[in-house]
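Here is my note on the model you sent. The points are numbered so that you can reply to each in turn.

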Amino acid sequence: MKTRLGCLSNKSDSYSDFSECTARCLKVSTDEVVRWSESFDHLLSHKYGLAAFRTFLKSEFSDENIEFWMACEEYKKIKSSTKLVSKANKIFHEFIDIQAPREVNIDYPTREKTKQSLGDPSPTSLNEVQAKVYSLMEKDSYPRFLRSKMYQGIINRAKAQSQRRSV
């Protein structure tokens, strides 16, 4: 079992595993890829930056945080109160509830406060818990992403692509 997990671990950070993502990122300028390292907000606000970060988190088997953050972003856009209740319940049961299939790592008081606010959901009901998960990703996952072979590969390919275009 350890050997199998070791192989998965090594394979998940290999350059070839990220070829699909890096191929998509070739459409992005070197300057843009470098900007991803300047702020977490900039990374998440860029279509390919978000895709690269999601791919990286999946490789680490820790994509529940970004998936939760994205679900919250969608949740904020809902106008219908019926759909708001439905989406709130779905998010709670998938990410927040104790033993949820994709449980995010939050403290008990935040979990309870969120549970209470979702009793009568509004577009801002998930703001506090979303901010905590965002902060966790920014302080922990984002720096690892910037040091990863994947991000370095994206930068190197973007630079090579840029040099080819200028010749």
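1. Which residues of helix 7 are buried? The set is Leu84, Ala88, Ile91, Phe92, Phe95 and Ile96. Around the axis they span an arc of only 105 degrees, so they sit on the same side of helix 7. The face turned away from that buried side carries Thr82, Lys83 and Lys90, which are exposed. The cover over the buried residues of helix 7 includes helix 6, helix 8 and helix 9.

2. A word on confidence. This is a predicted model. Its mean pLDDT is 86, and 83% of the residues reach 70 or more. Residues 1-17 are another matter: pLDDT stays under 50 there. For that stretch the model has ten contacts beyond four places in sequence. Where pLDDT is low, predicted coordinates should not be read in detail. Please treat residues 1-17, with pLDDT under 50, in that light.

3. Now the overall make-up. The protein has ten helices and zero strands. Along the sequence the pattern reads α-α-α-α-α-α-α-α-α-α. Of the 167 residues, 40% are buried. Among contacts with a separation of 6 or more, 61% join residues 24 or more positions apart. The protein exposes about 9800 Å², and carbon and sulfur atoms supply 51% of that area.

4. Next, the core. The largest nonpolar core holds 41 residues. Which of them touch the most other members? They are Trp36, Phe53, Phe68, Ile96 and Phe145. Two or more residues come from each of helix 4 (40-45), helix 5 (47-59), helix 6 (64-76), helix 7 (81-96), helix 9 and helix 10 (149-166). Helix 9 gives the most, with seven residues. Ile96 deserves a second look: this core residue is also one of the buried residues of helix 7.

5. On to charged pairs. How many salt bridges does a search of the whole structure find? The count is eleven. Three of these pairs are taken up below.

6. Glu32 and Arg35 form a salt bridge, with the closest N and O atoms 2.7 Å apart. Both residues belong to helix 3 (residues 30-35), and being three residues apart there, they are separated by about one helical turn. Are the partners buried or exposed? Glu32 has a relative accessible area of 11%, so it is buried, being under the 20% cut-off. Arg35 reaches 33% relative accessibility and is partly exposed.

7. Lys113 and Glu128 form another salt bridge, with 2.9 Å between the closest N and O atoms. This pair links distant parts of the chain: Lys113 lies in helix 8 (residues 108-117) and Glu128 in helix 9 (residues 127-147), 15 residues apart. Lys113 is partly exposed at 48% relative accessible area. Glu128 is partly exposed too, at 34%.

8. Asp140 pairs with Arg144 in a salt bridge, the closest N and O atoms being 2.8 Å apart. Where do the two residues lie? Both are in helix 9, four residues apart, about one turn of the helix. Asp140 has a relative accessible area of 37%, so it falls in the partly exposed class. Arg144, at 24% relative accessibility, is partly exposed as well. The pair does not stand alone: Glu60, Asp140 and Arg144 are linked in a network of salt bridges.

9. Last, a loop residue. Asn105 lies in the loop between helix 7 and helix 8. At 61% relative accessibility, Asn105 counts as exposed, because the cut-off for that class is over 50%. What does Asn105 touch, not counting residues up to four places away in sequence? Its partners are Asn65 and Leu136. Asn105 and Asn65 are 40 residues apart in sequence, and their C-alpha atoms are 8.3 Å apart in space.

Note on methods. Residues numbered from 1 in each chain as written. Predicted model: local features only at pLDDT ≥ 70, side-chain atom pairs only at ≥ 80, totals over all residues. Heavy atoms only, no water. Salt bridge = Lys/Arg side-chain N within 4 Å of Asp/Glu carboxyl O. Buried < 20%, exposed > 50% of the residue type's maximum accessible area, 1.4 Å probe, protein only. Core = buried A, V, L, I, M, F, W, Y, C linked by side-chain atoms within 4.5 Å. Arc of directions from axis to C-beta. Contact = heavy atoms within 4.5 Å. Areas by Shrake-Rupley, 256 points an atom, 1.4 Å probe, with all protein chains shown as cover. pLDDT = per-residue confidence, 0-100.
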